[in-house]
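Colleague: I have a model open and want to learn how to read its features. Can you take me through them?

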Amino acid sequence: MPTRRDLLGGASAAGAVTLLSSPPSVSAAPASAGAADAGSAGAELRARDAMRAANSGMRTHYAALKSALMSRLSPVIVVQNDAKGGRFTLIHDRRQQESVHPVPEVFELAKAISHVPQGVFSIIAPYLSDRVPGLPHADRIDPHDLGMVAFEGPRSRGWIGPLRDYAATLTETRQQLGAAGLPQELEDSCGELLDQALHFIGDSVGSGTLDPASFTDFTGRAYPSIRTNMTHAAQAQISGVEGLMRRWRGRIGEEAWKDLYTVVLSIWTTSELNQASVIIRRCMNRAKVATHLIDLPTAEVPDDPVLVALDNLARIVQDNVAAELVFPTDPVTADAFKGRQDLVSGEILHQLGRAGSACAAAVASACPVRKEKARG
């Protein structure tokens, strides 16, 4: 296949022949070379567009297969994590069977009060000093992160009004807590946590200053209450999810249940060891849970979680089959195609590894002192 360099070389030769066999012409050779060059560039552009067209055709057919497959996926459970313990949707026999919040309300209430320290932090954080405070484990705070979060600085008192307003909300919550019908242990822990928060707010507003040490004193005292609330939230989550799984398993039958796919949508901060995934995996077919339980982090809570889940699941399912047929001679690449690994990443790592080794060898040979230190 002639390359662009070959075509340019041929054009130059043709121009030379014309110059020797005909009367002198100043413009003949440049014009011939320019036309050939333009033709070569045009051919190259057309060739590259044709290559892109091949990929566009693949994407069109891939999307068509995915669209057709989405309506055939079954059985599937889609979990959208939320403040109530998650909305669970069952899809079976090509239709949505049921969509429910199965977790008892205690889960939401216990977590609601556990979030109070985070609420206080969110108000005061911009007004903290951008210097890492001398606290235990201060080395775990990234100074750059702190500098970006504490963007107002301690000279401003813009935090006082919002903190007072939040205190009014917490006071109202504290006054009505006894009527919420909570288990006594949970009611006590929620009350203690609210009391600790109101005490910190009162002291801070009264002095007009924010002290990171006093804040961590407050959160340290509140932590046992948070742990108690977490215990009650976990119990509610387990009982609600496992109860729903038993009911749905009975509805669709054992034969369908063994092939169940579950897609759990969550934000990045809860995508690893997600609470719903931890419970559901115990209820699925153990032989398939590694491939059929899919944690899907999303940048934001999607407007239509079921559509997002099925769209991604269809891609996963068709790639599972394609991997073995497209890469029959390379199981490692096939596994990468079926998983979350980009196929080119393996080769990039390989090349970076070789480059890194070559670079290290060059540095060692050029710097004898470093080599001796390495031997020592």
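Modeller: We will go through pockets, a strand, aromatic rings and one histidine. Keep in mind that this is a predicted model.

Colleague: Start with empty space. What is the volume of the largest pocket?

Modeller: The general idea is simple. Rolling a probe the size of a water molecule over the atoms shows where empty space is left. Here the largest pocket holds about 1100 Å³. Its lining has 26 residues, and the closest to the centre are Ile-316, Phe-337, Lys-338, Gly-339 and Arg-340.

Colleague: Which elements supply at least two residues each to that lining?

Modeller: There are four helices and a strand to look at: helix H2 (28-70), helix H11 (289-292), strand E5 (293-298), helix H12 (305-326) and helix H13 (331-338). By class, the lining of the largest pocket splits into 12 nonpolar, six polar and eight charged residues.

Colleague: And the second largest pocket: what is its volume, and which residues lie nearest its centre?

Modeller: Its volume is about 690 Å³. The second largest pocket has 23 lining residues, with Lys-111, Ser-114, His-115, Ile-226 and Met-230 nearest the centre. Two or more residues come from each of helix H3 (105-114), helix H4 (116-124), helix H8 (212-252) and helix H10 (275-280).

Colleague: Which element gives the most to the lining of the second largest pocket?

Modeller: H8 does, with 12 residues. By class, the lining of this second largest pocket has 12 nonpolar, seven polar and four charged residues.

Colleague: Now strands. How do I read the two faces of E1, buried or exposed?

Modeller: First the general rule. In a regular strand the side chains alternate between the two faces of the sheet. Now take strand E1, residues 76-80. Val-76, Val-78 and Gln-80 sit on one side, and Ile-77 and Val-79 on the other. Both faces are covered, and these residues are all buried. That makes five of five for E1.

Colleague: Which way does E1 run against E2, parallel or antiparallel?

Modeller: Antiparallel. Five bridges join E1 to strand E2 (residues 87-92). Use Val-78 as a marker: it stands opposite Thr-89 in E2. The two strands form a hairpin with six residues between them. In the turn, Gly-85 has a positive phi of about 100 degrees.

Colleague: And E1 against E4, parallel or antiparallel?

Modeller: Parallel. Strand E4 (residues 261-267) is joined to E1 by five bridges. Look at Ile-77: its bridge partner in E4 is Thr-262.

Colleague: Next, rings. How many aromatic pairs does a search of the whole structure find?

Modeller: Five. To class a pair, check the ring centres and then the angle between the planes. Planes under 30 degrees apart count as stacked. Phe-200 and Phe-218 have ring centres 5.5 Å apart and planes at 15 degrees, so this pair is stacked. Phe-200 lies in helix H7 (residues 184-207) and Phe-218 in helix H8, 18 residues apart.

Colleague: Are those two rings on buried or exposed residues?

Modeller: Buried. Phe-200 has a relative accessible area of 4%, and Phe-218 has 0%. Both belong to one aromatic cluster, formed by Phe-121, Phe-200, Phe-215 and Phe-218.

Colleague: Last, the histidine. Is His-292 buried or exposed, and which residues does it touch?

Modeller: Compare the accessibility with the cut-off. Buried means under 20% relative accessible area. His-292 is at 9%, so it counts as buried. His-292 is found in helix H11. Leaving out residues up to four places away in sequence, His-292 touches Asp-259, Leu-260, Tyr-261, Thr-262 and Met-284. You have met Thr-262 already, as the bridge partner of Ile-77.

How values were computed
Residues numbered from 1 in each chain as written. Predicted model: local features only at pLDDT ≥ 70, side-chain atom pairs only at ≥ 80, totals over all residues. Heavy atoms only, no water. 1 Å grid on protein atoms, 1.4 Å probe; cavity = no way out; pocket = protein on both sides within 12 Å on 5 of 7 lines; lining within 4 Å. Points joined across faces, edges and corners; volume = space filled by probe spheres on them. Nonpolar A, V, L, I, M, F, W, Y, C, P; charged D, E, K, R; others polar. Buried < 20%, exposed > 50% of the residue type's maximum accessible area, 1.4 Å probe, protein only. Pairing = 2+ DSSP bridges. Phe/Tyr/Trp six-rings, centres within 6.5 Å; stacked < 30°, edge-to-face > 60°. Contact = heavy atoms within 4.5 Å.
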